[in-house]
Amino acid sequence: MILWRAIAAAILFAGIPALLAGEIPPDARRSGYSFMGPDTRAMQDDDTSNPGMLFVLDGETLWRKKTGSADKSCADCHGDARSSMKGVAARYPAFDKALARPVTLDQRINLCRTNHQQATPLPYESRDILTLSAFVAHQSRGIAITAGEDPRLAPFVEQGRKLYLQREGQLNLACTNCHDDNFDKRLAGSPITQAQPTGYPLYRLEWQTLGSLERRLRSCMTGVRAQAYEYGAPELVALELYLMSRARGMPMETPAIRP
Amino acid sequence: MARSTVCIVATLASLALASHTRADGLVPYTIVGDGIADSLTGMPGDAARGRALVLARTTTCILCHSGPFPETRFQGDLAPDLSGAGTRWSTSQLRLRLVDASHFNPDTIMPSYYRTDGLVRVGRNFTGKPILSATEIEDIVAFLATLRD
C-alpha cells in the first residue's frame, strides 16, 4: 500500500515520532473482523453463538479451582477477574523483571502456576492454558491495546519489528510483504488482513478450536516454508510484542472468530 | 571460518568431478540480457504438465496470480493475470522470470523458483532444494508460452 507509506512518511515528516515508515497509521488500522463475511461477524458478535465463549466459561471454572501443592486457585490470590484482570491482556507481552525479558500472557499464567500454585506448567496450546488465557483476555474485551509502552521493552519491540520485515523461508517472503503491502488483496481466494492480533486466543473455523497467536504466527511461517520458531521462543515473543504494539489503541476482541 | 573452508573444498571437489552440476545441485545456466535462452534440461517442456503444475497449490503460482483457469475460484490478485504472458514475454524471459524473478524487479514478492542461496530460515524439509525442479520449470515455461492474447 504505497498510499499508507506516503501518509506514514508525511506524518513522520510532520514530526510525530511514534509511527515508523511502512507502518499503518492508527486511523487506517483494521481488525481481521472487518475482513470477514457477515455470517462470521454475526457469530463473533453473539456470545451465545460464539464457540470461543465455551472456552472462556471453562477458563472461569479453572480460575476457581484449587491446584498444585500450594492448594490455591487463581481466584484465591486475584479475586474477581472482572476487576483484577481487566485490561491486563491488553498490555501483554509485558516485561518480567526477574527474567529481564518480555513474557506472554500464557507464560505469565504458567509463572503463577509454578511460582505461586507450586503446580506444573501447562503445555503450550493445551486446552487448559488456552481456556485460562481466553478467560483472562476476555476481561479486556473492548479495552484499547497498550502493549509495548514500557520503555524496558523497546529493544524487544525493535527485535520483533526486524523479524517482521525479514524475508524468510523457501518462498522468501516477509510478514510485511503480505500484511502491510497487500492487505485487502486475495491470496488464492482468501482475503489478506493487516495481521492485527486483537482477538487471541481465538476460535478459528479452519482449526475447529481455540488457538493462540503463536499458533497463527507459526502457521504463517510454515506457509512461506520457513522453519517456525518453537512455542515460547524469544523470537516468537518478540514478534507477538511487535504486533501488539503495532495495534496500539485497537480494542481487544477475545474470543474472536476467524475463518 | 571452518564452514566456509569446507564449502570451498566441496565446491572445488565438485568442480573437479562433475562440471555439469553445481555444488548446490542446480544445473548451470547462462543469463544473456534479460533471459535464459537454453532449456535447463536441454529438452523442450511439456505444456500440459506445465498447466497442471501452475494450477497445483503446492507450486504456489495461483496463490498470487490469476489466469485462464475457469475450473478454480481459488486464484490470487497479488500479481498480474497470466493470460497473454506468452505474448508479453519471450520464452527465455519467462525462463529467467521463473528461475529468479528478482532479476526483473529486485523488490519483487515473486519467489525465485530455481535458487537455493540467499534465503533465511528455510524450513527443514526444504533446505537446499529449489522450489521447482529444472523439468518442472521447463514444463511451466512451455505452458506460459501458449498463453497468447
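Which residue does Arg246(A) form a salt bridge with? In this predicted model, the partner turns out to be Asp180(A), and the closest N and O atoms sit 2.8 Å apart. The two residues come from distant parts of the chain: Arg246(A) belongs to helix α11 of chain A, while Asp180(A) is in the loop between α9 and β3, 66 residues away. Both ends of the bridge are tucked away from solvent. Arg246(A) is buried, with a relative accessible area of just 3%, and Asp180(A) counts as buried too, at 5%.

That pair is one of 20 salt bridges over all chains. Another, in helix α8 of chain A, brings together the side chains of Glu158(A) and Arg161(A), at 3.3 Å from N to O. Here the partners are 3 residues apart in the helix, so about one helical turn separates them. Glu158(A) is partly exposed, at 29% relative accessible area, whereas Arg161(A) is buried, at 18%. Chain B has its own example, with Glu71(B) bridging to Arg51(B) at 2.7 Å between the closest N and O atoms. Glu71(B) lies in the loop between α3 and α4 of chain B and Arg51(B) in helix α2, so this pair ties together parts that are 20 residues apart in sequence. Arg51(B) counts as partly exposed, with 27% relative accessibility. There is also a network in chain A, where salt bridges that share partners join Glu60(A), Arg64(A), Asp80(A) and Arg82(A).

What about the place where the chains meet? The contact draws on 22 residues from chain A and 26 residues from chain B. Between them the two chains bury about 2,100 Å², with 54% of that on carbon and sulfur atoms. On the chain A side, Gln170(A), Arg225(A) and Gln227(A) stand out: they supply 33% of the area that chain A buries against chain B, more than any other three residues. Sorted by class, the side of chain A that touches chain B has 9 nonpolar, 8 polar and 5 charged residues. How many salt bridges does the rule find across the interface of chain A and chain B? The count is 0. Polar contacts, on the other hand, do turn up across this interface, with 12 residue pairs found.

Thr60(B) gives a closer look at the chain B side. This residue sits in the loop between α2 and α3 of chain B and counts as buried, at 6% relative accessibility. Leaving aside neighbours within four places in sequence, Thr60(B) is in contact with Leu171(A), Arg225(A) and Tyr113(B). Arg225(A) is also one of the three residues that supply 33% of chain A's buried area against chain B. Within chain B, the side chain of Thr60(B) makes a polar contact with the side chain of Tyr113(B), at 2.7 Å.

Aromatic residues make pairs as well, 7 of them over all chains. Phe95(A) and Phe156(A) form a tilted pair, 6.5 Å centre to centre with 50° between the planes. This pair links distant parts of the chain, with Phe95(A) in strand β1 and Phe156(A) in helix α8, 61 residues apart. Phe95(A) is buried, at 17% relative accessible area, while Phe156(A) counts as partly exposed, at 21%. In the Tyr164(A) and Tyr242(A) pair, the ring centres are 5.2 Å apart and the planes are at 55°, so this pair is tilted. Tyr164(A) is in helix α8 and Tyr242(A) in helix α11, 78 residues apart. Both of these tyrosines are buried.

The backbone of chain A has a few oddities of its own. A cis peptide bond joins Tyr92(A) and Pro93(A), with omega about -5°; Pro93(A) is in the loop between α5 and β1. The bond from Tyr200(A) to Pro201(A) is cis too, with omega near -10°, and Pro201(A) lies in the loop between β4 and β5. Positive phi values also crop up in residues other than glycine. Gln118(A) has phi near 50° and is found in the loop between α6 and α7, where it counts as partly exposed at 44% relative accessibility. Asp184(A) has a phi of about 80°. Asp184(A) lies in the loop between α9 and β3, and is partly exposed, at 47%.

Notes. Residues are numbered from 1 along each chain as its sequence is written. Chains are lettered from A and ligands numbered from 1 in the order in which they are written. This is a predicted model: local features need pLDDT of at least 70, side-chain atom pairs count only at pLDDT 80 or more; totals for chains, interfaces and linings use all residues. Side-chain values use heavy atoms; hydrogens and water are left out. Contact means heavy atoms within 4.5 Å. Buried area is the accessible area (1.4 Å probe) that two parts lose on being put together, summed over both. A salt bridge is a side-chain nitrogen of Lys or Arg within 4 Å of a carboxyl oxygen of Asp or Glu. A polar contact is a pair of N or O atoms within 3.5 Å; within protein, one must be able to donate a hydrogen and the other to accept it, and residues adjacent in sequence count only if both atoms are side-chain atoms. Ala, Val, Leu, Ile, Met, Phe, Trp, Tyr, Cys and Pro count as nonpolar, Asp, Glu, Lys and Arg as charged, and the others, Gly among them, as polar. Rings of Phe, Tyr and Trp (its six-membered ring) pair if their centres lie within 6.5 Å; planes under 30 degrees apart count as stacked, over 60 as edge-to-face and the rest as tilted. Helices (H or I, at least four residues) and strands (E, at least two) are DSSP runs, numbered from the N terminus. Buried means under 20% relative accessible area, exposed over 50%, partly exposed in between (1.4 Å probe, protein chains only).
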